[in-house]
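Thanks, everyone. I have one structure to walk through today. Please bring it up on your screens.

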Amino acid sequence: MKFSVVKQRRLWWAISAILMIISIVAMLISWQQLGAPLRPSLDFVGGTRLQFERDCTQPDKCTQPINISDVREVVDAEKLNNSSIQVVGKNQQGISIRTKTLDVEQRTQLQTALSEKLGAFNPKATQIDTVGPTLGRQLFTQGLLALVVSFAGIVIYLSVRFQVDYAVIAIIALFHDVLITLGAFSILGLVAGIEVDSLFVVAILTITGFSVTDTVVIYDRIREILNLHPNDHIDKIVDDAINQTLTRSINTTFTVLLTLFSLFLFGGETLRNFALTLIIGFTMGAYSSIFIAGSLLAWWRERRSQYQLVENAEAIDTSASSQDS
């Protein structure tokens, strides 16, 4: 059974447009509430993050989840009113606090006050990280520069290997993948308090590579069919190319997603958000390569052909008028 992507292109474009609009709205709301389109971690804004977990080996210490109001009361008493607090861990027996940069004495004082209020903490589960604001800004700038360089490199590579319109459409599809991934994490930041860190930038760069690779495979097949059947309509050529590469694209994406889901489920807290970013990005990359890049290329080539026909017809009319006069 032949699958016609180009025929249903308005449907694919509508789905993408809705997801992109939701992403933009979420980032605008996040900017209004948090001062950034995504909830930044200490990697980017600097400060101190403290994570504690109750020592559940002691009897009757973990019968109830931690009450965030109790934590807020202690934090406010330490004059850390603008701190971000989350209840985390299994059965909500842990807390994560992100606040301004604290020295050793301030950290010790806060930990002592919290343990008096909530009970003893497990020293093996205690994590304290401090990042200076200068390093945070440097990481953000370098990450943004890496994205810009990667996009420029992709444009140059595809322009040389194919044609400029191929490159431009591939970048549009790539922007679609990155924007929706950013939007998803903007929503997660607002709803679940999930932060983005330096690993998130690594994941975005990985997504760009994966998405372009999948698109290049389809573009290669389109070029091959064009050379073999130059008189076929561009819609048929694109549909044939997508159908011939569809199984390969689905199998590749599915295999990668199996690994990523395993990493998400069993990779631990540090790698969970990294894996989730790749899951969302790779899924959108496969979608855009199959449904967006090819259908946009077919639409653009058809419009260009019609424009050339009109130009040729006008040129013929002009020539005929000149001869008559």
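I'll take the sheet, then the helices around it, then a single serine. One caution before we start: this is a predicted model.

Start with the sheet. It is open and has four strands. The order across it is E2-E3-E1-E4, and the pairing is antiparallel. Which strands sit at the edges? E2, residues 84-88, and E4, residues 127-131; each of these pairs on one side only. On average, neighbouring strands are turned by 10° against each other, ignoring direction.

Now the pairings. Strand E1 covers residues 47-53, and strand E3 covers 94-99. Six bridges join E1 and E3, which run antiparallel. As one example to click on, Thr48 has Thr99 in E3 as its bridge partner.

Next door, E2 and E3 also pair. There the count is five bridges, in the antiparallel sense. Here, pick Val87: its bridge partner in E3 is Ile95. The hairpin of E2 and E3 has five residues between the strands. Look at Gly89 in that hairpin, with a positive phi near 85°.

A general reminder while the sheet is up. Strands of a sheet pair through backbone hydrogen bonds, either parallel or antiparallel.

On to the helices that lie across the sheet. Helix H3, residues 68-77, lies across E2 and E3. H3 runs at about 145° to E2. Helix H4, residues 104-118, lies across E1, E3 and E4. Its angle to E1 is about 30°.

Go back along the chain to helix H1, residues 9-34. How far does H1 reach from its first C-alpha to its last? The span is 37 Å over 26 residues, close to the 38 Å expected at 1.5 Å a residue.

Which residues of H1 are buried? They are Arg9, Trp12, Ser16, Ser23, Ala26, Met27 and Ser30. Keep one general point in mind when you read that list. An α-helix has 3.6 residues a turn, so residues three or four places apart point the same way. Just after H1 comes Gly35, which takes a positive phi of about 80°.

Last stop: Ser288. This serine is found in helix H9, residues 269-324. Is Ser288 buried or exposed? Its relative accessibility is 0%, and the cut-off for buried is under 20%, so Ser288 counts as buried.

What is Ser288 in contact with, leaving aside its neighbours within four places in sequence? The contacts are Ala173, His176, Asp177, Ser211 and Ala293.

That's the tour. Over to you for questions.

Technical notes:
Residues numbered from 1 in each chain as written. Predicted model: local features only at pLDDT ≥ 70, side-chain atom pairs only at ≥ 80, totals over all residues. Heavy atoms only, no water. Pairing = 2+ DSSP bridges. Helix = DSSP H or I, 4+ residues; strand = E, 2+ residues; numbered from the N terminus. Axes fitted to C-alpha atoms, helices over the stretch in contact; angles between N-to-C directions. Contact = heavy atoms within 4.5 Å. Expected span 1.5 Å × (residues − 1). Buried < 20%, exposed > 50% of the residue type's maximum accessible area, 1.4 Å probe, protein only.
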